[in-house]
Amino acid sequence: MGENKKTLELKKHVATIHSSNKLSLLQRKIANALLFNAYEDLLKKDEHIIHVATLCNLIGYDSNDHKTIKKALVNLLATVIEWNLVDGDRLDAQGVWNASSIIADASIDGPICAYSYSNKMKKLLHRPELYGRLNMLVQAKFKSSYGLALYENCIRYQGIEQTPWFDILKFRKLMGIEDGKYKIFRDFKHRVLEKAVEEVNKFSPLHVTPLFKKQGRQVVSIQFVIKPSALNAGESKPSNYRASLTETMKTFGLAHRQINEIFAQYEEKYVLEKILLIESSNSFISGKIGNLAKYLLSALKEDYKSNKGSKDVPQKIKLITSKPNHVEHMEAYRKYQNKEILKLFEAQTSSKKRLWLIEFEKHLGKSMYHDIYKRDGLKNILIQDQLCLFVRQKKPSFLKVVKTYEEFSLGAV
C-alpha cells in the first residue's frame, strides 16, 4: 500500500481491488490517495489527516472547487464493498463473508481533511500477503473510472502475464457498471472495454490485450494478456524497497540496464549499504566524485567497507546499516534531508532561484514530471521530491550544511 511514499506506490489489498463498487473516477482516486496517505499509521492511529491541497495533487485534481471533493467523500462513506469477488466462490464455501464502507467518517476543517477506517477495513488493508502495487502518479493520469478499474484489476497479475478468466457478469461488477447499463455486449465492448484498454495501454506501465470465451454466439468470460508497456519494458519490477533504491541509482546516472544487472548480482541490502557509504562520505557531500555511476559500480564490485584510516568513508555507517531498522532510518533521513533542501532553496536570492529552476526544468526533460511541473510548479509534492533528487545529483555541495546520514542516524540511535 503506501509503505513507500518516496516511490508513490500504493500496496492495495486484492480484496479491495476485486470488489463490487460503483465508484466514479474521482471517488476511486480519492479512496486510493487516502489509503496511500494513511497506510504507515493504519493500525497505530484511529484518525488520519491530509492537507486538501496535497490530496488534490495526488489525484491530479487542479480545481479549487472543494465542494466536489466533499461530495466525493460523502459518496465514499456511503459506498459498501463486499469482498472478494474474484475468489468469492472459495470464500463463500468456507462460510466467510465481509463487508464495510470504504471510510468510516470524514471531515474538512479549513485546509485539513480528517478521516478514519472501520476496524474491519484497517485489519484487511494492512495485511501484506496479497496486494497489487498501484502507482499514484500513473493513477492521476486516468480519465475514466473504467480505465482505472481495469488497471487496478490487472496490476496484481503482471508477474504471471495474464489475468484469470473473469465471468462476464462478475467482470461488470469489478468495473463498477450499474445494473441494466450496457447490457448488450456490443455496447459494453465499445463504451467500456475498448476505452478502458486504451487508457491502461496509454497511461500505465502495462499493455493489456483482452481475450474472449464464448458459448455459442454469447461471450461468457474475459481474460487479459499482460505485457510490459514498450515505454517501460527496460525497467525492473520493484520489490520491497527496490523501487526506492532504483530511484536513487537513477540519480547516480545509472541506466535501466545497469540497474537490472545490479539487482541480478547483488542483494538489495548490500546495494543499500554501498549507497549509504557513498552518500555519507565527504567526497560525495563536497561534490568531488566526478562519476557517481562508475564509483557505485566499483563500490559494489570491490565491496568498499568502512575504513578506520579513511576520512571519506564514515567509520560507523556499517553499524547503522546492520540494524534491522536501517531502511526506516534511511527513509527518515530522506524526509529530513528533503525538508532541509527546500528550506535552503527558499533562502536563495530570486535571481539564483530562477537560474536553478531553468536548470531543473531542463533536467526533467520530457518526463511526466515535466508536465506536472508546468501545471503546478513547486507547490506539488511530487515536484518538490524531484527538486530534492536534482539537488543530490547535480549540486551535492549544496548539502554541506545538512547533517550527513551518519550524523543523523547516530543521533537517533
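Two strands pair if DSSP finds at least two bridges between them. Strand β2 (residues 48-51) and β6 clear that threshold, because they are joined by four bridges. The pairing of β2 with β6 is antiparallel. This comes from a predicted model.

Start with the whole chain. There are 21 helices and ten strands. Of the 413 residues in the chain, 50% are buried. Take the contacts in the chain with a separation of 6 or more: residues 24 or more positions apart account for 69% of them.

Now return to β6. This strand spans residues 112-116. β2 supplies one partner: I49 bridges to A114 in β6. Strand β5 (residues 105-109) supplies another, since five bridges join β5 to β6. These two strands also run antiparallel. One of the pairs links A106 to Y115 in β6. β6 thus has bridges to β2 and to β5. How covered is β6? Mostly: four of its five residues are buried. As a general point, side chains in a regular strand alternate between the two faces of the sheet.

The link between β5 and β6 is a hairpin. Two residues lie between the strands. G110 sits in the turn, and its phi is positive, about 65 degrees.

Next, look at S101. It belongs to strand β4 (residues 98-101). Is S101 buried or exposed? S101 counts as buried because its relative accessibility is 18%, and the limit for buried is under 20%. The side chain of S101 reaches the backbone oxygen of I103 at 3.0 Å. Setting aside neighbours within four places in sequence, S101 contacts L76, L77, T79, V80 and M121. Two of these names, L76 and L77, fall within helix α4, which covers residues 66-78.

Helix α4 also holds T68. T68 is partly exposed, because its relative accessible area is 28% and so falls between the 20% and 50% limits. Which residues does T68 touch, not counting those up to four places away in sequence? They are L26 and Y61. Q27 lies 41 residues from T68 along the chain. The C-alpha atoms of T68 and Q27 are separated by 9.9 Å.

Finally, turn to the second largest pocket. Its volume is about 360 Å³. The lining has 15 residues. Which of them lie nearest the centre? They are I168, L169, R172, Y182 and K183. Three elements each supply at least two lining residues: α9 (168-174), α10 (185-203) and β10 (218-228). Helix α9 gives the largest share, with four residues. I168, L169 and R172 fall within the 168-174 span of α9. What is the make-up of the lining, in nonpolar, polar and charged residues? Eight residues are nonpolar, two are polar and five are charged. R172 and K183, both nearest the centre of the pocket, belong to the charged class, because Arg and Lys count as charged. I168, L169 and Y182 count as nonpolar, because Ile, Leu and Tyr are in that class.

Technical notes:
Residues are numbered from 1 along each chain as its sequence is written. This is a predicted model: local features need pLDDT of at least 70, side-chain atom pairs count only at pLDDT 80 or more; totals for chains, interfaces and linings use all residues. Side-chain values use heavy atoms; hydrogens and water are left out. Buried means under 20% relative accessible area, exposed over 50%, partly exposed in between (1.4 Å probe, protein chains only). A polar contact is a pair of N or O atoms within 3.5 Å; within protein, one must be able to donate a hydrogen and the other to accept it, and residues adjacent in sequence count only if both atoms are side-chain atoms. Contact means heavy atoms within 4.5 Å. On a 1 Å grid over the protein atoms alone, a cavity is a set of points where a 1.4 Å probe fits but cannot get out, and a pocket is an open set with protein on both sides within 12 Å along at least five of seven lines; lining residues have an atom within 4 Å of a point. Grid points are joined across faces, edges and corners, and a volume is the space filled by probe spheres set on the points.
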